[in-house]
Amino acid sequence: MSDTVTTVRPGTAAARVTQTAQARTQQQDAPPRPARPRDAFFDNAKYLAIMLVAVGHAWEPLREGSRAVTALYMFVYAFHMPAFVIVSGYFSRTFDGSPARLKRLLTGVVVPYVVFETAYTLFTRWTSQDPDRPISLLDPLYLTWFLAALFVWRLTTPLWRLVRWPLPLALVVAMAATTAPSIGHDLDLQRTLQFLPYFVFGLLLRPEHFRLVRRRTVRILAVPVAGCALAVAYWAVPRMDYAWFFHADSAPELGVPLWYGPVMTLAAFGCSLVLVCCFLAWVPGRRTWFTALGAGTLSGYLLHGFVAQAATYWGWYEPAWVRGPVGAITATVVAALVVTVLCTPSVRRVFRCVTEPGMAWAFGDSRDRRAGARRAAP
């Protein structure tokens, strides 16, 4: 019997199948691509933003009776969460709903939300702030609102990349939300919709836009602009409700006419964008001692809330001296130190099982499953 050699002609279906099989083999045999180096600028920005979040929470019990602390509080709240949301939007540009992206959404957002929503509820019961509060995944408590919002924002990312005018549309949605108290607070949807324009704005940004705000001219201009904003905040303390910067309530819930909502949405958006530009202009672009902490901002964000709530429960703000300038400075320094420690790699490793779980047991590689099915087939 003679050997038979089968020749596959180019362009045929058999040739295409052979080429596909060869390409898969080459991909499997190729060495893994090295991880893309982290951008020091964004790690610095995330750390500084999360530090301001912690400092803002430390100032909350000190606002009453102190116009200076309240002005600083209003000034920081005008840009620290918008900056964080804008950066989150920028890094969500590649979300396309693929299985790999959905897996990352579940492990990096949904699982931490479930864990910390439960943990904060139990902690609130223990501190007797609300001893009968039920565990509800539809009612985000304290810091967990951001994870619920991020889940919604990322799921809608393909839509915002599809429409022709995403930012104007997002602003219209946010403006309409301020006129509708009936939206309610399930999944903190009111805040999710009002912060939506910042996320969409981040989706539209490109690296060259961040390079623009880091120019020397912008850095110099940022100083007087921020100074004027701080002076306006001090002037506005007795004249304006800073709750507008929380983006958590509608106009009727804040006790103002309905038309205030859309107007304040646009005004707050413009003000916040200017201050975010000032903030980013001051962020170092080189590696610093805190650059590595930017990778652990999620753990710092989710964990520092327990310390902030415990400080009130344990009476740290009760001594009279805490209500003075020395107390405000001390609270600021302590909050910055606490969140810095919580962002360190060692703390991040300890809590990675709930903040960044791999969950390999819950997910399998689709190619491996198909290969196993073929081997099991008769």
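This short talk walks through one predicted protein model, from its overall make-up to a few chosen residues.

Before I begin, please keep in mind that the model is predicted, that local features need pLDDT of at least 70 and side-chain atom pairs count only at pLDDT 80 or more, while totals for chains, interfaces and linings use all residues. Residues are numbered from 1 along each chain as its sequence is written, and side-chain values use heavy atoms, with hydrogens and water left out.

Let me start with the whole protein. Its secondary structure comes to 18 helices and zero strands, where helices (H or I, at least four residues) and strands (E, at least two) are DSSP runs numbered from the N terminus. Of its 378 residues, 44% count as buried, and here buried means under 20% relative accessible area, exposed over 50%, and partly exposed in between, with a 1.4 Å probe and protein chains only. Among contacts, meaning heavy atoms within 4.5 Å, those in the protein with a separation of 6 or more come to 80% from residues 24 or more positions apart.

Now to the interior. The largest nonpolar core, a set of buried Ala, Val, Leu, Ile, Met, Phe, Trp, Tyr and Cys residues joined through side-chain atoms within 4.5 Å, has 91 residues, and those with the most contacts inside it are F146, W153, F279 and L280. Helix α2 (residues 40-59) gives this core its largest share, 13 residues. There is also a second, separate core of five residues, including W244, A251, L254 and M264. Returning to F146, and leaving aside its neighbours within four places in sequence, we find it in contact with M81, F84, V85, S88, W153 and Y301.

Which helix is largely enclosed by the rest of the structure? That is helix α10 (residues 196-204), because seven of its nine residues are buried, namely L196, P197, Y198, F199, V200, G202 and L203. These buried residues pack against α4 (80-90), α6, α7 (157-162), α8 (166-177), α9 (189-194) and α13 (260-282).

I would like to close with two single residues. T144 sits in the loop between α5 and α6 (145-155), and is T144 buried or exposed? At 0% relative accessibility, T144 counts as buried, and a polar atom of its side chain lies 2.9 Å from the backbone oxygen of L141. Apart from neighbours within four places in sequence, T144 is in contact with Y113, F116, E117 and Y120. W126, by contrast, is found in helix α5 (residues 99-126) and is partly exposed, with a relative accessible area of 47%.

Notes: Polar contact = N/O pair within 3.5 Å; in protein donor to acceptor, adjacent residues only side chain to side chain.
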